[in-house]
Amino acid sequence: MAGVCENPVQAADQEEGWGSKMLYLECLSGISGDMTVAALLDLGASRDRLLEGLASLGLDGYEVKIGRRAKCGVEACSFDVILDGEEDGGSHDYTEQLHDHDHDHDHEHSHEHTHTHDHEHSHDHRHPHVHRNLGDITEIINRSAMTERAKATALRIFGIVAEAEARVHGNPIEEVHFHEVGAVDSIVDICAAAICLDDLDITEAVISEISEGSGHVHCQHGILPVPVPAVTAIAGEYGLYLRLTDTRGEMVTPTGAAIAAGVRTREALPDSFRIVKTGMGAGKKDFPKANLLRAYLIEERKKKEELWMLETNIDDATGEALGYVMDRLFRAGARDVCYLPAFMKKNRPAWLLKVVCDEDRREDLEGLIFCHTTTIGIRRYPLERTALPRKILTVKTEWGEARAKAVFRGEQTFCYPEYEDVARLADETGKPFQDIYEEIRRLAAEV
Ligand SMILES: O=C([S-])c1cc(C(=O)S)c[n+]([C@@H]2O[C@H](COP(=O)(O)O)[C@@H](O)[C@H]2O)c1
Ligand code: NI
């Protein structure tokens, strides 16, 4: 299927100032779906748009409660999905994960079965819920009035849970039958997180190390070790950093881990940033340390780029040596390298080597030029440039994924397919380079 699959922004950053806003989730007490939604609401996501989006899912048998809850004296937002027939679970807090329920261990193969959701509710209750697979959930989301971007985020998060479940239980992904996550409260948590992220216009996110507790938790599968297998599968696959602590109980749920994995676009916080706003989401349990998820909206501090032009005339190197130096310079981080024909002193035909580089690469690149050519001197001067803002788009062609650069000038957008991707698809399919180029350009222009 053709279309766009992801959209990391790489704006030209030659100006000093503040970059685009990004989300930072500080997971010192782990992460779950409800805590994430609460933190995003506290950060300013529209409650009305959230409720409208959830209503459009067409699910019933539940009610959403948005409120305030104090953790260690700190007031935070709370988000609770209360299923019909349940008490308001939000006002209860946990100290123990493992309850002495009468658990039904045969439920996994029945279509309608008892569900004890004991990390979310402090009372022993049972309510039926329906098993759903990824196709059912995709249909519910696609039928809703959520924005296309919110739908894509929710589907990505469900995909991550499905992948983890498939790996843990050894089933193909299409056969994964969601249990807890198939229940209404989990669909609501994931869609609510996606709606809030969309409403806050979050396109970049950094996730801190995620604290996890220890011991065991009782869920539909039975008694599982903490972190539960779905969480370790997601953390392993998506490179989330877990910090295992002695605190008894489950701090990271599979839903929370999947949201973290699904929204993360950056490995680490920028070196320098300012905080635009913070929001706190309260968990339901009580741990010795405040059970809060803190969300920061931050802006990266952009420093003015310092570019240099390095130049030297070379009249006694072979074509092979010049080719080698160019390759080494690019591999060592030169922004651009070229040779211009020159007619230099003593009437010698020669090559003018020109290298554009960042300040922090300058010494290394000069070292390479001295090492691999016969030159004994390099001229340098600072450069200024005007660069148009650009984005890298990834489009799905019928032959596979390919990247294109979108460049913006005023109202106009120009799309340039990435050479390497065009060449790869031309190699793989045997189709003409130009046909593939045009198709990538067409898809990128539709974004
Ligand atoms: O698929 C899901 S959601 C799931 C998988 C596992 C495995 O480790 S496999 C465990 N659980 C437990 O269910 C509850 C609810 O989790 P949510 O992510 O739906 O909030 C929790 O205790 C999980 O550890 C769920
Ligand atoms: Ni499971």
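Asp 48, Glu 52 and Ala 55 are the exposed residues on the face of helix H2 turned away from its buried side. Keep in mind that this is a predicted model. On the buried side, H2 (residues 47-55) has Leu 50, Gly 53 and Leu 54. Looking down the axis of H2, you'd find these buried residues within an arc of 95°, so they line one face of the helix. The cover over them includes H1, strand S4 (62-71), strand S5 (74-83) and H5. At the start of H2, Ser 46 puts a side-chain oxygen within 3.3 Å of the backbone nitrogen of Asp 48.

Now for the nonpolar cores. Leu 50 and Leu 54 turn up again here: along with Leu 23, Phe 79 and Met 146, they have the most contacts inside the largest nonpolar core, which has 74 residues. Helix H5 (residues 184-199) supplies the largest share of this core, with 11 residues. Another core, of 17 residues, lies apart from it and includes Ala 332, Val 337, Val 355 and Ile 369. In soluble globular proteins, nonpolar side chains tend to be buried together.

On to the charged side chains. Opposite charges on side chains can pair when the charged atoms come close. The model's salt bridges number 36; here are three of them.

| Pair | N to O distance | Burial |
|---|---|---|
| Asp 34 and Lys 284 | 2.2 Å | both buried |
| Arg 68 and Glu 75 | 3.1 Å | Arg 68 partly exposed, 43%; Glu 75 partly exposed, 49% |
| Arg 424 and Asp 421 | 3.8 Å | Arg 424 partly exposed, 32%; Asp 421 buried, 6% |

The Asp 34 and Lys 284 pair ties together distant parts of the chain, 250 residues apart: Asp 34 sits in helix H1 (residues 33-42), while Lys 284 is in the loop between strand S15 (273-282) and strand S16 (292-302). These two also belong to a network of salt bridges that links them with Arg 69 and Asp 80.

Arg 424 and Asp 421 are another story: both sit in helix H10 (residues 419-429), three residues apart, or about one turn of the helix. An α-helix has 3.6 residues a turn, so residues three or four places apart point the same way. Why does Asp 421 count as buried while Arg 424 counts as partly exposed? Asp 421 has a relative accessible area of 6%, and buried means under 20%. Arg 424, at 32%, therefore counts as partly exposed.

Key
Residues are numbered from 1 along each chain as its sequence is written. Chains are lettered from A and ligands numbered from 1 in the order in which they are written. This is a predicted model: local features need pLDDT of at least 70, side-chain atom pairs count only at pLDDT 80 or more; totals for chains, interfaces and linings use all residues. Side-chain values use heavy atoms; hydrogens and water are left out. A nonpolar core is a set of buried Ala, Val, Leu, Ile, Met, Phe, Trp, Tyr and Cys residues joined through side-chain atoms within 4.5 Å. Buried means under 20% relative accessible area, exposed over 50%, partly exposed in between (1.4 Å probe, protein chains only). Helices (H or I, at least four residues) and strands (E, at least two) are DSSP runs, numbered from the N terminus. A salt bridge is a side-chain nitrogen of Lys or Arg within 4 Å of a carboxyl oxygen of Asp or Glu. The arc is that of the directions from the helix axis to the C-beta atoms. Contact means heavy atoms within 4.5 Å. A polar contact is a pair of N or O atoms within 3.5 Å; within protein, one must be able to donate a hydrogen and the other to accept it, and residues adjacent in sequence count only if both atoms are side-chain atoms.
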